[in-house]
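User: I should like a close look at one part of this structure, set within the chain as a whole. Please treat it as one connected account.

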Amino acid sequence: MIIDSLENAYQYYCLHPLFKNAFKFLEGKNLENFQDGSFELEDGLKMIVSNKFGKTREESLQKFECHNRNIDIQICVKGNERIEWKSRKDCKNFNGNFNEEKDVQFFSDEPDTYFKLKDGQFAIFFPEDVHAPMIGDGEIKKLVFKVKI
């Protein structure tokens with residue numbers, strides 16, 4: 001997992017060929033103007049835009065998730081978002097089977113830690129990162145890039 005600010009995104013271009021494309025796509029754009037929806041940007045790179053009210057911790061933990069075929073780049077555009085985390089290797093309690101179509105596995109384990117994102121900050125979640133996002137009060141506008149491994 002990586003946590004940083006958009007101004008430092010260039011430091012992570014080398015980690016995956018599509019990271020640069022994702023972050024470069026945002027350059028010069030007002031992120032608050034993006035409309036909700038899911039957008040295929042290119043083969044292996046999708047962007048999801050959402051503007052929703054934050055969830056309670058309990059609501060978010062019902063979908064304590066990780067992915068096998070995608071890396072998430074989750075960017076907080078506006079609001080204050082708390083995200084809970086645990087290493088996948090330490091999760092023991094599967095919450096259902098792996099959903100092949102949606103590339104998601106849920107767990108019912110207790111997270112080890114949490115962090116907060118505010119405007120212009122992002123987190124990168126690799127397959128080994130189990131995460132529960134969107135915890136907060138008020139509206140949270142965020143972008144999620146799905147980067148195919």
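User: How many helices and strands does the chain have, and what surrounds His 131 in strand E10?

Analyst: The model is a predicted one. Its chain has two helices and eleven strands, and from the N terminus on these elements run β-α-β-β-α-β-β-β-β-β-β-β-β. The radius of gyration is 15 Å, close to the 15 Å that the globule rule gives for 149 residues, so the chain is as compact as a globular protein of that length. Along the principal axes, the C-alpha atoms fill a box of roughly 45 × 35 × 25 Å. Buried residues account for 48% of the 149 residues. Of the contacts between residues at least 6 apart in sequence, 77% join residues at least 24 apart. The chain exposes about 8,100 Å², of which carbon and sulfur atoms supply 47%. Its side chains include 22 positive and 26 negative ones, and the centres of the two sets lie 1 Å apart.

Against this background, His 131 lies in strand E10, which covers residues 129-135. His 131 has a relative accessible area of 0%; it is therefore buried, as the cut-off is under 20%. A polar atom of the His 131 side chain lies 3.0 Å from the backbone oxygen of Asp 129. Apart from residues up to four places away in sequence, His 131 touches Lys 63, Phe 64, Glu 65, Cys 66, His 67, Asp 72, Gln 74, Ile 83, Glu 84 and Phe 125.

Strand E10 also holds Met 134. Met 134 has a relative accessibility of 9% and so counts as buried. Its phi is positive, about 65°, although Met 134 is not a glycine. Most residues other than glycine have a negative phi. Asp 103 likewise has a positive phi without being a glycine, here of about 50°. Asp 103 is found in the loop between strand E6 (80-87) and strand E7 (105-107), and with 3% relative accessibility it counts as buried.

Two of the residues that His 131 touches, His 67 and Asp 72, are also touched by Lys 146. Lys 146 is found in strand E11, residues 139-148, and is buried, with a relative accessible area of 18%. The side chain of Lys 146 makes a polar contact of 3.4 Å with the side chain of His 67. Residues up to four places away in sequence aside, the other residues that Lys 146 touches include Gly 44, Leu 45, Lys 46, Ile 48, Asn 70 and Ile 71. Lys 146 and Glu 58, by contrast, are 25 Å apart in space, C-alpha to C-alpha, with their positions 88 residues apart in sequence given as the separation.

Ile 83 and Glu 84, which His 131 touches, are in contact with Tyr 114 as well. Tyr 114 has its place in strand E8, residues 113-118. Its relative accessibility is 44%, so Tyr 114 counts as partly exposed, whereas His 131 is buried. The C-alpha atoms of Tyr 114 and Glu 84 are separated by 4.2 Å, although these residues are 30 apart along the chain. Neighbours within four places in sequence aside, Tyr 114 is also in contact with Arg 82.

Terms used:
Residues are numbered from 1 along each chain as its sequence is written. This is a predicted model: local features need pLDDT of at least 70, side-chain atom pairs count only at pLDDT 80 or more; totals for chains, interfaces and linings use all residues. Side-chain values use heavy atoms; hydrogens and water are left out. Helices (H or I, at least four residues) and strands (E, at least two) are DSSP runs, numbered from the N terminus. Buried means under 20% relative accessible area, exposed over 50%, partly exposed in between (1.4 Å probe, protein chains only). A polar contact is a pair of N or O atoms within 3.5 Å; within protein, one must be able to donate a hydrogen and the other to accept it, and residues adjacent in sequence count only if both atoms are side-chain atoms. Contact means heavy atoms within 4.5 Å. The radius of gyration is taken over C-alpha atoms; the globule rule is 2.2 Å times the number of residues to the power 0.38. Accessible areas come from the Shrake-Rupley method with a 1.4 Å probe; for residues, only the protein chains shown count as cover. Lys and Arg count as positive and Asp and Glu as negative; His and the chain ends are not counted. The place of a charge is taken as NZ of Lys, CZ of Arg, CG of Asp or CD of Glu.
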